[in-house]
Amino acid sequence: MIVDARHHDPFSVLGRHALGAPENVIRAYIPGAAQVSIETLGGLLPMLRVPNTDLFEWRGAPADVPERYQLVWEDANHTLSRGYDPYCFPPQLSEYDLHLFGEGKHWHAYRFMGAHARVVDGIPGIVFAVWAPNAARVSVVGDFNAWDGRRHPLRVCGDKGVWELFIPGLDAGLLYKFEIRDRIHGNLHLKSDPYGQCFELRPDTASRITPDSLFAWQDSSWMRARESADWLHQPMSIYEVHLGSWQLDEHGNFLNYRVLAKRLISYVAEMGFTHIELLPITEHPYDGSWGYQTLGYYAPTSRHGSPDDFRWFIDYCHAHNIGVLLDWVPGHFPKDLHGLARFDGSAVYEHEDPRCGEHRDWGTLIFNYGRNEVRNFLISSAVYWLEEFHIDGLRVDAVASMLYRDYSRKAGEW
């Protein structure tokens, strides 16, 4: 099952396991490896290949191998590699986080779902976590493992449908996706991270590991004034703008968030506006949708730069006394194969019944608000933009389509 990438619980096979005193067994699966050893203070301990597989085993006394051990392996080209075994690390998600997530009450789910840098027992790496309740197996794939779903299958955490894995030695900036084998047909689905905080520039669709932001905000006076402002009784004039078409460079390319900030705020301030309202800058696959067919609910579109570039945009607006509102689209999402649609081979984020789950006017799918995890996904997204990017308010798009089940439907279609 490990060799065929079909095992539901890879940690029950891989890593260290007690065989009975005083012997342990350590197993590692490294496709393409010619030989594998365990590195110890006393030298290398060779592992034995399970015949006709790339599964390797070592058996011996527990004291011979440190708790967090490194593997050393050589491929057919005699290239030597070394790294900590991901399967010698304990679960990284807390029961408290998982409990709140299952209840739909974790307003900061983005802090543990997705991909996050973490140091475990002094060893830096990346924790990956994804919700796929009907998956038979989930792996993370990327440049770091040749996009091979056999290399890094995740651990399923309890009965909440959340999968996680800590991979030591990975750095921010790497591309990744989740490879999901569905439970019903055994088909494979290659998906971007729903909680990804940065993506490749379209038409490419991989998520990018994003470092914790060290952006030095300069808008503390704005934020303090905002807390005490009587905004319901203050004049407000809003300039609605789509960044992708407001201005382009001399070659017809998108402008960076920082360049846009200087040009846009100069115009907005001169015209006497108090706020700008950004048409959705959440990551989306199709330029022509103007952002209203969102897939990256936690990612500023890479068309205009990095997440910190967008933070700079907001900071610059606040420095010039301009508030920023964001069009936010929790009513529907597109059917692109790399996105949320049938995420684990089943209707996870959407309704199974197309009478409830599809907007025929727009060719999009409707979120299933009856699922705790879906509501959690959306509310956490709203909190993310407000807290992490200092957005001053959200304009919720297509509310009528969320409220009325017969929205744009004829009799018998709902």
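This passage describes the strands, helices, core packing and selected side-chain contacts of a predicted model. Local features were taken only at pLDDT of at least 70 and side-chain atom pairs only at pLDDT 80 or more, whereas totals for chains, interfaces and linings use all residues. Residues are numbered from 1 along each chain as its sequence is written, and side-chain values use heavy atoms, with hydrogens and water left out.

Helices (H or I, at least four residues) and strands (E, at least two) are DSSP runs, numbered from the N terminus. Strands are said to pair if DSSP finds at least two bridges between them. An open sheet of four strands follows the order E1-E2-E6-E5, and its pairing is antiparallel. Strand E1 (15-20) and strand E5 (48-49) form its edges, each pairing on one side only. E5 is joined in the antiparallel sense to strand E6 (residues 55-60) by two bridges, and Leu48 has Glu57 of E6 as its bridge partner.

Seven bridges link strand E9 (residues 114-120) to strand E10 (residues 123-131), again in the antiparallel sense. Val119 has its bridge partner, Pro124, in E10. The two strands E9 and E10 form a hairpin with two residues between them, and Asp121 in the turn has a positive phi of about 55°.

Val130 also belongs to E10. This residue is buried (under 20% relative accessible area with a 1.4 Å probe, protein chains only; over 50% is exposed, and in between is partly exposed), and its own relative accessible area is 2%. Contacts are defined by heavy atoms within 4.5 Å. Beyond residues up to four places away in sequence, Val130 touches Met113, Val138, Leu154, Gly161, Val162, Trp163, Phe178, Pro194 and Phe343. Val130 and Phe178 lie 48 residues apart in sequence, with a C-alpha to C-alpha separation of 8.2 Å.

E10 is also a packing partner of helix H1. In H1 (residues 95-103), the buried residues are Asp97, Leu98, Leu100, Phe101 and Gly102. These buried residues pack against E10, strand E12 (155-157), strand E13 (162-168) and helix H7 (372-388). Gly104, just after H1, takes a positive phi of about 75°.

A nonpolar core is a set of buried Ala, Val, Leu, Ile, Met, Phe, Trp, Tyr and Cys residues joined through side-chain atoms within 4.5 Å. The largest such core has 97 residues, and those with the most contacts inside it are Phe128, Ile276, Leu278, Phe310, Phe313 and Tyr349. Apart from neighbours within four places in sequence, the contacts of Tyr349 include Trp131, Pro194, Phe333, Phe343 and Phe377.

Rings of Phe, Tyr and Trp (its six-membered ring) pair if their centres lie within 6.5 Å; planes under 30 degrees apart are stacked, over 60 edge-to-face and the rest tilted. By this rule there are 35 aromatic pairs. Among them, Tyr384 and Trp385 are edge-to-face, at 5.4 Å centre to centre and 75° between the planes; both residues are buried. A charge sits over a ring if NZ of Lys or CZ of Arg is within 6 Å of the ring centre and within 35 degrees of the ring normal. The charged end of Arg155 is so placed over Phe11, 3.5 Å from the ring centre, and that of Arg311 over Phe389, 4.3 Å from the ring centre.
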